[in-house]
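Here is a friendly walk through one structure, with an eye to its charged pairs, a central topic for the bench, and to the ligand. Please keep the model open while you read.

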Amino acid sequence: MLVVMQRDATEDQIRRVAETIETLGYEARTMPGAQRTAVGVVGNDGRIDEARLSGLDGVREIIHVSQPFRQASREWKPEDTIVTLSNGLEIGGKDLTVMAGPCSVEGESEILEAAHAVREAGANVLRGGAFKPRTSPYSFQGMGEKGLVYLARAGEATGLPVVTEAVDPESVPAVAEHADIIQIGARNMQNYSLLRSVGHTQKPVLLKRGISATITELLLAAEYILSSGNPNVIVCERGIRGFDPSTRNILDLTAVPLIHERSHLPVIVDPSHGTGSRRYVPQMALAGIAAGADGIMIEVHQNPSEALSDGAQSLYVDQFHSLMNSVQKIRAAMDELETADATIATTR
Ligand code: PEP
Ligand code: MN
């Protein structure tokens with residue numbers, strides 16, 4: 001971390017910054033420059049409270065030389081994290097993960113039918129919310145524990161691992177008991193007691209990006225889970241809030257290569273919430289894979305117009321089938337590109 005001083009900072013102000021750094025337990029290195037002086041923090045272990053320095057007189061800005069997250073960073077773990085599920089699926093490894101199913105579990109036969117449909121099309125994880133964090137308190141709030149049981153049964157019947165959301169620390173034990181992956185929704189990305197609580201389990205966690213969260217904030221949220229003792233974290237780009245109401249959110253696909261560069265954690269792209277409209281879901285799903293995502297999460301419903309939540313962005317089953325055909329083609333093209341890149345790299 002570098003503390004850059006204002007041009008007219010006095011010797012006293014520079015000394016005060018250096019003393020504060022030392023009081024915090026780090027070494028201060030003052031570097032006078034032609035325009036302004038900077039004070040480097042040596043031995044920063046990521047725990048430094050930036051506000052102690054940014055508020056001091058004469059300070060212009062704080063520049064981070066290394067990432068504020070540690071265990072989530074590539075420096076901490078250069079090789080990719082692979083989260084292996086009970087059916088052998090390697091999320092972040094050689095497999096392409098396709099999580100699919102309705103937004104909400106709506107009944108036992110409904111989720112079972114959905115599970116068969118998405119498995120037949122080629123999905124390898126079943127999704128379905130039992131606890132639903134809805135924007136309005138008057139919207140369907142999910143089936144709760146009953147929904148968890150129905151989801152788990154549908155998963156068992158089809159051999160698909162299941163992912164579902166925990167909305168508060170109280171719901172974590174039940175979700176951990178019935179699900180293979182615990183989802184933390186966008187609205188809860190910075191619910192630190194919830195992050196700690198899933199961090200105390202060893203269950204894989206799908207952490208969705210908050211609607212106005214930066215990549216650094218997303219990876220710091222992942223850091224809460226990792227530093228609580230759970231290494232099985234998968235992050236999800238699901239769109240961020242923009243200014244244009246043409247789409248529900250703006251799917252930030254640059255997040256995929258960016259997170260892969262800065263972190264070893266697997267990345268899933270969710271074009272359903274990312275666009276809010278089934279018209280754009282297939283294109284953005286394919287774009288996500290082309291951007292290098294380890295998988296996609298797609299909302300699919302047998303009868304979207306009757307869905308209890310997110311019908312407008314849910315694909316019809318036949319649309320999901322044809323999307324999966326294209327997915328295989330894009331994935332094969334990506335594999336071919338990788339082989340070509342490797343050949344170029346070895347012959348150059
Ligand atoms: C969901 O997956 O249905 C969901 C509520 O997602 P998000 O938290 O990304 O809005
Ligand atoms: Mn949804």
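A salt bridge here is a side-chain nitrogen of Lys or Arg within 4 Å of a carboxyl oxygen of Asp or Glu. This is a predicted model, in which local features need pLDDT of at least 70 and side-chain atom pairs count only at pLDDT 80 or more, while totals for chains, interfaces and linings use all residues. Residues are numbered from 1 along each chain as its sequence is written, chains are lettered from A and ligands numbered from 1 in the order in which they are written, and side-chain values use heavy atoms, with hydrogens and water left out.

**Salt bridges**

Side chains of opposite charge can pair when their charged atoms come close. By the rule above, the count comes to twelve salt bridges. Three of them are set out here.

| Pair | Closest N to O distance |
|---|---|
| Aspartate 80 and arginine 74 | 2.7 Å |
| Arginine 209 and glutamate 237 | 2.7 Å |
| Aspartate 310 and arginine 248 | 3.2 Å |

To describe cover, let us call a residue buried under 20% relative accessible area, exposed over 50%, and partly exposed in between (1.4 Å probe, protein chains only). Helices (H or I, at least four residues) and strands (E, at least two) are DSSP runs, numbered from the N terminus.

Take the pair of aspartate 80 and arginine 74 to begin with. Aspartate 80 is partly exposed, at a relative accessible area of 43%, whereas arginine 74 is buried at 18%.

Where do arginine 209 and glutamate 237 sit in the chain? Arginine 209 belongs to the loop between strand S11 (205-208) and helix H7 (215-227), and glutamate 237 to strand S12 (residues 233-237), so this salt bridge links distant parts of the chain, 28 residues apart. Both arginine 209 and glutamate 237 are buried.

The salt bridge between aspartate 310 and arginine 248 has its closest N and O atoms 3.2 Å apart. Aspartate 310 is in the loop between S14 and helix H11 (317-347), and arginine 248 in the loop between S12 and helix H8 (255-262), so the pair ties together parts that are 62 residues apart in sequence. Aspartate 310 is buried, with a relative accessible area of 18%, while arginine 248 is partly exposed at 35%. Elsewhere, Glu90, Lys94 and Asp95 are joined into one network by salt bridges that share partners.

**Strand S14**

Now find S14, which spans residues 295-299 and has five of its five residues buried. In a regular strand the side chains alternate between the two faces of the sheet. Both faces of S14 are covered, with Gly295, Met297 and Glu299 buried on one side and Ile296 and Ile298 buried on the other.

Strands count as paired if DSSP finds at least two bridges between them. S14 pairs with strand S7 (residues 97-101) in the parallel sense over five bridges, and isoleucine 296 in S14 is the bridge partner of valine 98. Strand S13 (residues 267-269) also runs parallel to S14, joined to it by two bridges. Here isoleucine 268 has glycine 295 of S14 as its bridge partner.

**Ligand 1**

Which residues surround ligand 1? With "near" taken as a heavy atom within 4 Å, the shell includes Cys103, Lys132, Glu165, Gln183, His273 and Glu299. Glu299 also belongs to S14, where it is buried. By class, the shell has two nonpolar, three polar and seven charged residues; Ala, Val, Leu, Ile, Met, Phe, Trp, Tyr, Cys and Pro count as nonpolar, Asp, Glu, Lys and Arg as charged, and the others, Gly among them, as polar.

A polar contact is a pair of N or O atoms within 3.5 Å; within protein, one must be able to donate a hydrogen and the other to accept it, and residues adjacent in sequence count only if both atoms are side-chain atoms. Ligand 1 offers an oxygen atom 2.8 Å from a polar side-chain atom of arginine 127. For lysine 208, a side-chain N or O atom is 2.9 Å from an oxygen atom of ligand 1, and for arginine 238 the distance is 2.6 Å. Taken alone, ligand 1 exposes 290 Å², of which the protein buries 97% (Shrake-Rupley method, 1.4 Å probe; for residues, only the protein chains shown count as cover).

**A buried histidine**

Finally, look at histidine 264, in the loop between H8 and S13. Histidine 264 is buried, with a relative accessible area of 4%. The side chain of histidine 264 reaches the backbone oxygen of glutamine 71 at 2.7 Å and makes a polar contact with the side chain of threonine 81, also at 2.7 Å.
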